[in-house]
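User: I am new to this structure and would like a close look at a single part of it. Please pick one residue, describe its setting, and then go on to other parts.

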Amino acid sequence: MKSSSAIRAGLDFPIIDIDGHTIEFEPAVSDYLKETGGRKLLVQFEAWRRTCLRWYELSLEERRRQRPTRISWWSLPTKNTLDRATATLPRLRYERMDELGLDFTILYPSLGLLLPHIENEELRRAACRAFNRLNADLHSDYRYRMTHAAIIPTHTPQEAIAELEYSSDCLGMKVAMCASYIRRTVQANSKISGTHYWLDTYGIDSLYDYDPVWSKCAELKMVPTFHSTGMGWGSRTSISSFMYNHIGSFAAAAEPVCKSLFLGGVTRRFPKLRFVFLEGGVGWACSLYSDLAGHWHKRNRKVLENYDPKNLDVEQLLDLCRRYGSGPIKGAAERQITGVSILGGLFEAPDMLDEWQQCRIKRAEDIRNLFASKFFFGCEGDDPLNAWATNIKVNPFDTKLKVLFGSDMGHWDVPDMTKVVADAYGMVKKGILTEPAFRDFVFANPVSCYAGLNPAFFKGTAVEKEAAEELTRARPEGQ
């Protein structure tokens with residue numbers, strides 16, 4: 001197999017990694033936390049960290065009783081010390097970019113992925129601010145080949161807007177990392193199937209109106225990206241197996257927010273904005289896209305007339321039951337007993353009948369226009385399901401969903417950074433991806449996503465010239 005650097009040398013287009021990871025140097029983290037919020041913040045942060053690790057403090061019997069989720073363990077590389085250091089030291093990563101086969105990379109945190117989920121508002125906002133200041137300072141001299149995403153707390157629109165403005169205006173950061181969901185506590189006098197929380201995904205049924213957040217992202221030209229796992233809720237709550245909890249967890253977290261933004265009409269109201277869902281692959285997105293199209297055909301406002309309870313001829317139904325029913329069915333029909341159908345429902349309010357009204361879907365093709373061009377999906381290079389995204393024979397309306405190459409360098413699933421690009425190109429060698437599809441994956445789609453919203457995104461970087469040419473080539477005439 002050719003090396004990653006050799007593969008890159010043989011291509012006539014750059015390779016852009018949209019999801020590399022940094023591993024925080026924790027003494028520096030402590031310094032920035034203390035500088036941002038004083039010793040009080042540092043003490044609060046350490047207390048929060050201990051709660052994250054409480055699984056280790058419990059006996060087996062306590063775990064069975066309290067059901068703490070088995071969290072990630074041994075998740076950072078140790079055998080390859082050079083790679084471990086590369087994930088922590090921007091200068092070293094910068095010097096190794098050619099060896100890694102990369103032209104440009106967008107970086108995300110590791111420990112910092114958890115910060116938007118901190119429940120304490122003061123700690124959450126201050127910790128996000130401290131990490132953003134640290135990452136901006138660390139990477140400011142290396143903008144030619146890398147940029148670090150800003151961590152945005154989103155429990156309320158106000159805190160999200162404040163950090164968006166600060167990270168963009170004061171720190172020069174260009175990408176927003178949001179939690180895929182906010183876990184909200186159910187009010188004490190409510191009961192929802194025995195659960196005590198619900199997931200707020202910023203669109204359908206959200207506690208707040210998040211349109212001001214999306215408006216601010218559009219104003220600042222910062223692409224909102226979502227990078228959370230689904231561990232700790234749903235079926236991913238094993239007390240013993242991290243793998244059970246982890247497999248499919250990023251997809252599980254991405255699917256609800258993607259669906260919520262779409263059905264909530266966000267892509268309709270903010271047509272220029274792009275949204276990125278990271279590390280979950282694209283299989284779930286292909287399934288969601290197909291399901292949306294299928295549900296439109298069978299549950300659009302016009303078709304729903306087929307299921308209106310008022311259309312049912314009750315007398316005819318009873319007559320048929322008397323003639324063809326037996327036993328208890330015939331006996332009940334003879335007494336003209338009819339029950340309320342749980343599945344059939346009652347007479348719905350007219351303004352509740354059209355569940356497509358927020359995204360204003362009037363024809364099936366609207367789904368393609370509001371989904372396929374607005375949503376981008378971060379995929380690891382060796383995931384064979386990437387090919388599904390380009391399969392126009394399967395995807396509705398002959399659509400190619402837009403996949404983005406995310407290396408995940410810095411985490412346990414990348415034992416050798418120098419092989420990631422080679423593994424991704426192996427999909428071409430195996431015939432799973434075509435050469436044009438690979439070019440879209442590692443170059444054209446990232447340019448469409450980030451420079452499509454912010455034409456200056458790649459200005460002053462190693463890919464400025466190629467990105468500008470690609471943007472011009474892909475832009476329809478007259479735009």
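Analyst: In this predicted model, Tyr 56 is partly exposed, because its relative accessible area is 44%, and partly exposed covers the range between under 20% and over 50%. Tyr 56 sits in the loop that lies between helix H2 (26-52) and helix H3 (60-66). Apart from neighbours within four places in sequence, Tyr 56 has contacts with Arg 63, Arg 70, Ile 71 and Trp 73. One of these, Arg 70, is 14 residues away along the chain, and the C-alpha atoms of the two are 9.2 Å apart. Their side chains make a polar contact at 3.1 Å.

Elsewhere, two helices pack together. Helix H7 (residues 157-170) and helix H8 (residues 211-220) meet at an angle of about 10 degrees, and their axes are 9 Å apart. H7 is therefore roughly parallel to H8. On the H7 side the contact includes Pro 157, Ile 161 and Leu 164, and on the H8 side it includes Pro 212, Val 213 and Leu 220. Sorted by class, the contact of H7 with H8 has 8 nonpolar, 1 polar and 3 charged residues.

Strands come next. In a regular strand, side chains alternate between the two faces of the sheet. Strand S6 (residues 182-185) shows such alternation: Ile 182 and Arg 184 point to one face and are buried, while Arg 183 and Thr 185 point to the other and are not buried. S6 runs antiparallel to strand S7 (residues 197-200), and 4 bridges join them. Thr 185 has Tyr 197 in S7 as its bridge partner.

Definitions and conventions
Residues numbered from 1 in each chain as written. Predicted model: local features only at pLDDT ≥ 70, side-chain atom pairs only at ≥ 80, totals over all residues. Heavy atoms only, no water. Buried < 20%, exposed > 50% of the residue type's maximum accessible area, 1.4 Å probe, protein only. Pairing = 2+ DSSP bridges. Axes fitted to C-alpha atoms, helices over the stretch in contact; angles between N-to-C directions. Parallel < 35°, antiparallel > 145°, perpendicular 65-115°, else oblique. Contact = heavy atoms within 4.5 Å. Nonpolar A, V, L, I, M, F, W, Y, C, P; charged D, E, K, R; others polar. Polar contact = N/O pair within 3.5 Å; in protein donor to acceptor, adjacent residues only side chain to side chain.
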